[in-house]
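Here are a few exercises to work through with the model open in your viewer. Try each task before reading its solution.

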Amino acid sequence: MEQKVFTLGGAVWINLANTFVMQDNHKVDVLEEPNHVLQWLEGNGLLIGELPEDPEMVSIHDTLVRLRYICIDAISDLLREGRLSERTFTRLEKKSGELVLDVRMVRQDGVPHLSHVGRSLMDRVSYAVLHSLVETVAQYPPERIRKCEHDSCILHFVDTSKSGKRRWCSMDLCGNRQKAADFYARKKERSGS
């Protein structure tokens, strides 16, 4: 699977929700392939030079699956209600309470900042997903979180464009396909009339 598909959502938590994809008109769970789990982690900047051992991979997979369902529910809440439901918030709150984090002082452009980092890879991944979700909800209005407009696509994204008119998960994947389909439909209509 092409690695760029793992980052089309524009935020780590949406990228995790997007690990269900359509292939040959069937919904496929990308996380079922251990190699894809590693690609997803790497594509989202969550592997820092380390490769998890096999037993740790099982735990990371299970954690990602649980987090993914929270992310999918968050997207559903935002699309339906314009905010996170109490149920989703409670699940996020519970998951955040399970994290073991280290706090470090770092410099960014000479300015000191506190950095929160999960103590284990699992905590680091969980924190990145939860932090991404909270930051996105705080920074963007709910209508900026959208489903791709291509009929056969199930991916979502956060629209960070200036105009707020993004329609596709990716112009390469869905935008061009839809534009080509529209062109041929118009051409067929003109020749049939």
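## Exercise 1: A residue in a helix

T136 is found in helix 5, which covers residues 121-139. The model is a predicted one, and that applies to every exercise below.

**Task.** Decide whether T136 is buried or exposed, and find which residues T136 touches beyond four places away in sequence.

**Solution.** Start with the accessibility: T136 has a relative value of 6%. Buried means under 20% relative accessible area, so T136 counts as buried. Next, look around the side chain. Leaving aside residues up to four places away in sequence, T136 touches A11, W13, I145 and V158.

## Exercise 2: The overall layout

**Task.** Work out how many helices and strands the chain has, and which pattern they follow along the sequence.

**Solution.** Count the elements to begin with: there are 6 helices and 6 strands. Then read them along the sequence, which gives α-β-β-α-α-α-β-β-α-β-β-α. For the dimensions, the C-alpha trace spans about 70 × 40 × 35 Å along its principal axes. Of the 193 residues in the chain, 41% are buried. Finally, take the contacts between residues at least 6 apart in sequence: 52% of these join residues at least 24 apart.

## Exercise 3: Helix 2 and its neighbours

**Task.** Find which residues of helix 2 are buried and which helices they pack against.

**Solution.** Helix 2 runs over residues 34-43, and its buried residues are H36, V37, Q39, W40 and L41. These buried residues pack against helix 1 (12-17), helix 3 and helix 5. Now step past the end of helix 2: G45 follows, with a positive phi near 70°.

## Exercise 4: Two helix crossings

**Task.** Describe how helix 3 and helix 4 cross, then do likewise for helix 4 and helix 5.

**Solution.** Two packed helices are described by the angle between their axes and the distance between the axes.

1. Take helix 3 (residues 54-81) and helix 4 (residues 86-97): their axes come within 9 Å and cross at roughly 150°. An angle over 145 degrees counts as roughly antiparallel, and helix 3 and helix 4 are therefore roughly antiparallel to each other. Their crossing is left-handed.
2. List the residues that meet. Helix 3 brings T63, L67, Y69, I70, D73, A74 and D77, while helix 4 brings R87, T88, R91, L92 and K95. Sorted by class, this contact has 5 nonpolar, 2 polar and 5 charged residues.
3. Move on to helix 4 and helix 5, whose axes come within 10 Å and cross at roughly 145°. This crossing is left-handed. L92, K95 and S96 of helix 4 make the contact with S126, L130 and L133 of helix 5. Here the classes divide into 3 nonpolar, 2 polar and 1 charged.

## Exercise 5: A cysteine pair without a bond

**Task.** Explain why C169 has no bond to the closest cysteine sulfur, in C174.

**Solution.** A disulfide is a covalent bond between the sulfur atoms of two cysteines. To count as one, the sulfur atoms must lie within 2.5 Å. The sulfur of C169 is 3.7 Å from that of C174, so the two are too far apart for a bond. Seen from the other side, the closest cysteine sulfur to C174 is the one in C169. Searching the whole structure finds 0 disulfides. As a last step, check the surroundings: C169 is buried, at 3% relative accessible area, and C174 is buried too, at 2%.

Notes: Residues numbered from 1 in each chain as written. Predicted model: local features only at pLDDT ≥ 70, side-chain atom pairs only at ≥ 80, totals over all residues. Heavy atoms only, no water. Axes fitted to C-alpha atoms, helices over the stretch in contact; angles between N-to-C directions. Helix = DSSP H or I, 4+ residues; strand = E, 2+ residues; numbered from the N terminus. Parallel < 35°, antiparallel > 145°, perpendicular 65-115°, else oblique. Left-handed = near helix turned anticlockwise from the far one by under 90°. Contact = heavy atoms within 4.5 Å. Nonpolar A, V, L, I, M, F, W, Y, C, P; charged D, E, K, R; others polar. Buried < 20%, exposed > 50% of the residue type's maximum accessible area, 1.4 Å probe, protein only.
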